[in-house]
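Here are some notes to be read with the model open, set out as numbered points that go from single residues to larger elements and back again.

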Amino acid sequence: MIRSMTAFASETGQASQTSWVLEMRGVNAKGLDIRLRLPERLMPQEQAIRAKLTKAFARGNISMTLRLDEDATASPVHLDEHVLESYILSAIRVRSIAKNKGLKLTEASATDYLGLRGVMRADMDNGPLPEAEIMQSLDAAIAGFSAMRASEGAALDGVLRQQLAQIAALTSEAAQRAEARKDQVAATLKTNLARIMDTADGADPDRIAQELALMAVKADVSEEVDRLTAHVAAAEALLGSDGPVGRKLDFLMQEFNREANTLCSKSGSPELTRVGLDLKALIDQMREQVQNVE
C-alpha cells in the first residue's frame, strides 16, 4: 500500500508543572527534509528526535513544532536587581525633568516597582523537564502522522489505479487504431515505391530498400504500444508493493510520456493522434498525483 507525503498530527501532554503541544505537518518533497522548532531546553534532544523521524519516514517535507508551557506560579522567583536598578534610575531622571518643568509627581512604592515587567523572575530552569513523557507524545504523534499518510495514500491509490485503467484502455484503442490503418499504410508505401521507381533511374537498389524500410519503421507504432502496456503493468506492480515507491513511479511517468510523444509523432492519422493526445493529458494528470507518493 502506498503512502502519501501529506499529513498532520497533534499531541498534547502534561507532567508536573509542564504542559506541551506537539504538531507535525507534512507535504511532498524530492527527499526527506525534517525541520524542527524546539524550545531551548529540549535542544539536547534534537538528534534523538531527528533519528526517530528519519527511521519512520523516507520522503517528505516534515515540520515538527513543540511548544512548552511551564507553570511559573509553581516555580521559585527571585528579584532581578539589575532590572530594578534600571527602573529606579529612570524614575529619578523622570522626577528631575518633571521638577524642572514645575510638575510634582507622586512617590512610587516598593510594590509599584515589583509589578514592573522583569523585576521578579521565575526560576523556570530549576524544575526537571519531563523528557520521557514528551518523547512518548512524540511517538504517539509519529504513529498518528504515519496513519494519516497511510489513509491519504489509500485514497491516492484509488485515483492512480483509475488513471492507470484509463491509460490501459487508451493504449488498447491505440493498438486497434494502428491495426485499422495498416491497409492505408501499405497503400502509402506502394505509392511511394512507385514514385521512387519512376524517378530512380540509376539509383542504388539497396539505398531504395533502406529508405522504404525507414518509412515502414516510422509508420509502425507497435513498439510504443507494447512499451505502454508494459509500463501499465510495472505501475500496477509498484502500487501493490510495500515501501516507498514514489521515485520509481515518477520515473515511470517520464517513460509513459516519452512513448505517448512518439506515438503522436508517428500516428499518421487523426484518430491515432487524438488517442495520443488523450494519453498525454492523462499521463500529465497522473504525474501530478504521483508527486504526493512517498
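**Notes on the predicted model**

1. Arginine 50 is partly exposed, as its relative accessible area is 26%. The model in which this residue sits is a predicted one, and the values in these notes should be read with that in mind. Arginine 50 forms a salt bridge with glutamate 46, and the closest N and O atoms of this pair are 3.3 Å apart. Both residues belong to helix α1, where arginine 50 and glutamate 46 are four residues apart, or about one turn of the helix. That spacing fits the general geometry: an α-helix has 3.6 residues a turn, so residues three or four places apart point the same way.

2. Helix α1, which covers residues 46-56, packs on the sheet and touches β2, β3 and β4 (60-70), while its direction makes about 145° with that of β3. The sheet itself is open and has four strands in the order β1-β2-β4-β3, with mixed pairing. Its edge strands are β1 (7-15) and β3 (32-37), each of which pairs on one side only. From one strand to the next, the twist averages 10°.

3. How many bridges join β1 and β2? Strand β2 takes in residues 18-27, and its antiparallel pairing with β1 runs over nine bridges. Within this pairing, glycine 13 stands opposite tryptophan 20 of β2, and glutamine 14 has serine 19 of β2 as its bridge partner. The two strands form a hairpin with two residues between them, and serine 16, in the turn, has a positive phi of about 60°.

4. Two further salt bridges deserve a look, out of a count that comes to 18. In one, glutamate 23 and arginine 25 bring their closest N and O atoms to 3.6 Å; glutamate 23 counts as buried, at 19% relative accessibility, although this is set against a cut-off of under 20%, whereas arginine 25 is partly exposed, with a relative accessible area of 48%. In the other, aspartate 33 and arginine 35 have their closest N and O atoms 3.1 Å apart. Here aspartate 33 is partly exposed at 28% relative accessibility, and arginine 35 is also partly exposed, at 48%.

5. Helix α4 (residues 131-180) lies across β1, β2 and β4, and runs at about 160° to β1. Is isoleucine 134, a residue of this helix, buried or exposed? Its relative accessibility is 2%, so isoleucine 134 counts as buried. Once neighbours within four places in sequence are set aside, isoleucine 134 is in contact with Trp20, Leu42, Leu66, Leu68 and Leu129. Isoleucine 134 and leucine 22 are 112 residues apart in sequence, yet their C-alpha atoms are 8.8 Å apart in space.

6. A search of the whole structure for aromatic pairs finds one. Its members are phenylalanine 57 and phenylalanine 145, whose ring centres are 5.3 Å apart and whose planes stand at 80°, so the pair is edge-to-face. The pair links distant parts of the chain, since phenylalanine 57 is in the loop between α1 and β4 and phenylalanine 145 is in helix α4, 88 residues apart. Phenylalanine 57 and phenylalanine 145 are both buried.

7. Does the length of helix α8 (residues 246-266) agree or disagree with what its residue count leads one to expect? At 1.5 Å a residue, its 21 residues should span 30 Å, and the end C-alpha atoms are 31 Å apart, which agrees. The expected figure is 1.5 Å times one less than the number of residues, and this is why 21 residues lead to 30 Å. Just after α8, glycine 268 takes a positive phi of about 75°.

8. The buried residues of α8 include Gly246, Leu249, Leu252, Met253, Phe256, Ala260, Leu263 and Cys264. Glu255, Glu259 and Lys266 are also among the buried residues of this helix. Glu259 and Lys266 deserve a second look, as they take part in a network of salt bridges that links them with Glu223, Glu224 and Arg227.

Methods: Residues are numbered from 1 along each chain as its sequence is written. This is a predicted model: local features need pLDDT of at least 70, side-chain atom pairs count only at pLDDT 80 or more; totals for chains, interfaces and linings use all residues. Side-chain values use heavy atoms; hydrogens and water are left out. Two strands pair if DSSP finds at least two bridges between them. Axes are lines fitted to C-alpha atoms, for helices over the stretch in contact, and angles run from 0 to 180 degrees between N-to-C directions. Contact means heavy atoms within 4.5 Å. Buried means under 20% relative accessible area, exposed over 50%, partly exposed in between (1.4 Å probe, protein chains only). Rings of Phe, Tyr and Trp (its six-membered ring) pair if their centres lie within 6.5 Å; planes under 30 degrees apart count as stacked, over 60 as edge-to-face and the rest as tilted. A salt bridge is a side-chain nitrogen of Lys or Arg within 4 Å of a carboxyl oxygen of Asp or Glu.
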